[in-house]
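Biologist: Please take a close look at one chain's domain split for me, especially where its parts touch. If there's room, add whatever helps from the rest of the model.

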Amino acid sequence: MTTNILEMRGITKTFPGVKALSDVTLEVARGEVHAICGENGAGKSTLMKVLSGVYPSGSYEGDIVFEDEVVQFSSITDSEAKGIVIIHQELALSPYLSIAENIFLNNEVKARGLIDWNKTNHEAAKLLARVGLSDNPTTKIMNIGVGKQQLVEIAKALSKQVKLLILDEPTAALNDEDSDHLLDLILHLKEQGITSIIISHKLNEIKKVADSVTVIRDGKTIETIAKADVTEDRIIKDMVGRDLEHRYPEHTPDIGEELLRVEDWTAHHPQDPTRVMVDNVNITVNAGEIVGIAGLMGAGRTEFAMSLFGQSYGSRISGRVFKRGKEIRMRSVSEAIDNGVAYATEDRKTYGLNLIEDIKRNISMASLKKLEKFGLVHDNEEYKVANEYRKSMNIKAPNVLVKTGKLSGGNQQKVVLSKWIYSDPDVLILDEPTRGIDVGAKYEIYTIINRLAAAGKGVIVISSELPELLGICDRIYALSEGRITGELPIDEATPESVLKLMTMEKPR
Amino acid sequence: MSDPITPAPTETQAVGGNINPIENKFTDRLSHILSDLGRNGIFIALIVVVVLFAFLTDGILLRPQNISNLIVQNGYILVLAIGMVMVIIAGHIDLSVGSVAAFVGACSGVFAVNWGMPWWLAVILSLAIGAAVGVWQGFWIAFVGIPAFIVTLAGMLIFRGLALVVLGNANIGSFPDEYRALGNGFLSDLFGEFELDPLTLGVGALAIIALVIQQVRTRRGRQKYDQEVEPIIWFVTKLVLISAAIGLFAYALAQYKGIPVTLIILAVLVFIYGIVMNRTVFGRHIYAIGGNRHAAELSGIKTRRVDFWLFVNMGTLAALAGLIFTARLNLAGPKAGDGFELEAISAAFIGGAAVQGGVGTIGGAIIGGLIIGVLNNGMSIMGIGIEWQQAVKGLVLLLAVAFDVYNKRRSGGN
């Protein structure tokens, strides 16, 4: 028996017209945590789909050797039978079923052909304990947070006697606390002998958990680095094929007059109007300024932004908004747009893009009136505009007729930003603008943000990545439990000082 | 553009690895034609069905009288299909159109026959009633937020019931001649009696000229904006084929009674709604809402308002369909409009509309409706019973959508 639990040799996978993987080699040692890094579209997910049988054997070239045996999976069921379980980025849980039902979905605990509910819930509770959850197994999935849902997925994997656990960007949707918990759990599982493959963009978490790192770029293996030799610079260089001297582009603020002032902004939960979600928020944004809003998940960041943006969230909203000193009203999204305010959502796929429509129509979506001539949309002009954005924003697509659903996360985000920039706003609220985006594209997004500021716009950046805010902002507000707990100019902001404000609780 | 943003310095690879461009004029042209055929698959399906039934019916299908009948017999379904595909693109459905057509037909009978109103007043009032029905359903769907399926299922029962109430257990007929022309009239004989109606041929020729001018202008416009256009050979071939089809169609109509009034109504509707869906802000909003309602809302689109007007529009078109049907039968009866909703929905889906919304075209729905029409007509000529006709139509719907799903999956869509 070799020390490797898994070897993938010479994997080549071709889609019509595209070589997604070419001669990829991956070796994972038994009992280690192996990280796979690569930009979006590099081929990481394709490789994992080959491994887990989503792409059945025969549809690719090369060999998969699992536990010293060449395996050929024709479906996920086959790979799971061998103990390979993949947890996808988008969680595959049914929101209306209970935790226990989800854990044993398609693997039900039966007695005489019928489901044994007592045993189901009992076993589920045991599995939950192993992942550090104490919730009742009969709780519905929709009633627990994303962080816990991720743990339920792992519990589900454990129920299948997992030997090799594959996690596809497990912390993408989690806040720092939940992320830490998850990473600790991965290390804990390692002690129990479970090998993990973790796909991640986050270099700090890779450094924390991974024993070795394989970097993939353009469908090829670049190198595998042992833990001792892992440095962020080396990984980044491998990923993007060049040095990234600075993670954040140079930005010299040129701050002008006050653009937007929000006074005493309060919003309540849409279903439960007694719950205060945004509590008396006061902020200002100046022309040419990049203002950060830091807050843990659930602090009310998105709730604040969306309630401000045409009252898209919440009930019983109160407060006043001034633009250049004059009070404005934004009771609907179109009023907000007319007032020169734009909001790019944190959830591109659900709230930002029409994925079945092309780049062109997504960019024009919020500004069709500008393209109207004699009551008709000037479609050639629309094409031209979209094409200009494709070039200036460096959207990687052969033309603007490509459906946005086929773009990578970074390029999708550029389409969303193009849409809002084309609406010609004075103030842009960017909610998690770099979530789920690889390092290279992040840099591009930061550059765009800088240029917006340089053009005299006010930019509000909401982010759960503290280094990002510290890297690009001129001033940072901290939000906790719906309240602004402090405001720091960038030269006074340190990770510690901001974090302290972010976690400041309401006096009770 | 307010602020030119120059590209960030990066040389990373294109999405999804290396795309393998085969630089070859011939394959380029071929791939263009193939993708075009894929997009026009529904059109080809119509041709196949026509050729098949022309063969099976020994050519009766393509006789001038039958071609004319095909249009007149299916006119009301096609009118409904136009409104239906718009509703479906926005992600809704309307089950009530058959009942609404019956209800409005009954009302028009009371107006034009029982009360002896002038025909035009009866028509206008009837359309207004259709719009009012749309306001009613649109209100519940758009502003109260009840799913369209439920609201229009209720409407299906409500308006069928109201139709019976209005009719008072009796058929209403017969209608004034001008009213009947909506369903039975022909435009011809303006220049006297001829073997071949000159007006019809003239209109056909005009249609071809208009089409060619419009296509060439679109192509020129695209070229002016440096957009990719299809190869000139393919462009010309397509234009010639379509022109020939229009010419033959006009020739067939000219041999019979001329242009049916129903066809004129349809042509006007297709022209107007084609522009609405492709070129107006309202049309774009419908596609945006169907593609992603949340994103549309957060882009400032007033989704409720769009939903509301969609159903007002549908109600009005259902009324028009009811008028055409009543005019054709010269009778407003309790069974009118029975099953129309299903044929209209089938037409939209056969024509490529997506169940989840966001996808579909007016042209597709019309062709889908024509396919159903040819199936009905062809099988009737062959003497196939109504029971088998139903079964075959159901199968065609299923296969058409299955083909569409397969096609999308192959091309790597979602």
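Modeller: Chain A splits into domain 1 (4-240), domain 2 (249-340 + 425-508) and domain 3 (353-423), with bounds from an automatic or database domain assignment. Keep in mind that this is a predicted model, where local features need pLDDT of at least 70, side-chain atom pairs count only at pLDDT 80 or more, and totals for chains, interfaces and linings use all residues. Residues count from 1 along each chain as its sequence is written, while chains are lettered from A and ligands numbered from 1 in the order written.

The C-alpha centres of domains 1 and 2 of chain A sit 34 Å apart. Their contact (C-beta atoms, placed from the backbone, within 7 Å) draws 10 residues from domain 1 of chain A and 9 from domain 2 of chain A. On the domain 1 side, helix 6 (176-191) and helix 8 (232-240) of chain A each give two or more residues; helices here are DSSP runs of H or I with at least four residues, strands E runs with at least two, numbered from the N terminus. Helix 8 of chain A has the largest share of that side, 3 residues. By class, the domain 1 side holds 4 nonpolar, 3 polar and 3 charged residues. Nonpolar covers Ala, Val, Leu, Ile, Met, Phe, Trp, Tyr, Cys and Pro, charged covers Asp, Glu, Lys and Arg, and the others, Gly among them, are polar.

An unreviewed UniProt entry lists "domain: ABC transporter" for residues 6-243 and 260-506 of chain A. The 260-506 span of chain A is 34% helix and 28% strand, and its end C-alpha atoms lie 26 Å apart.

Now for chain B, which is divided into domain 1 (41-186 + 284-407) and domain 2 (189-256). The C-alpha centres of these two domains of chain B are 27 Å apart, and their contact takes 4 residues from each of them. The domain 1 side of that contact in chain B has 2 nonpolar, 2 polar and no charged residues.

There's also a helix pair to look at: helix 4 (residues 97-114) and helix 5 (residues 119-144) of chain B pack at about 150 degrees, axes 9 Å apart. That makes helix 4 of chain B roughly antiparallel to helix 5 of chain B, a label for angles over 145 degrees. Among the contact residues are Val104(B) and Phe111(B) of helix 4 and Leu125(B) and Ile129(B) of helix 5. The contact of these two helices of chain B divides into 10 nonpolar, 3 polar and no charged residues.

Methods. Axes fitted to C-alpha atoms, helices over the stretch in contact; angles between N-to-C directions. Parallel < 35°, antiparallel > 145°, perpendicular 65-115°, else oblique. Contact = placed C-beta atoms within 7 Å. UniProt positions renumbered as here; feature names shortened; annotations may be inferred.
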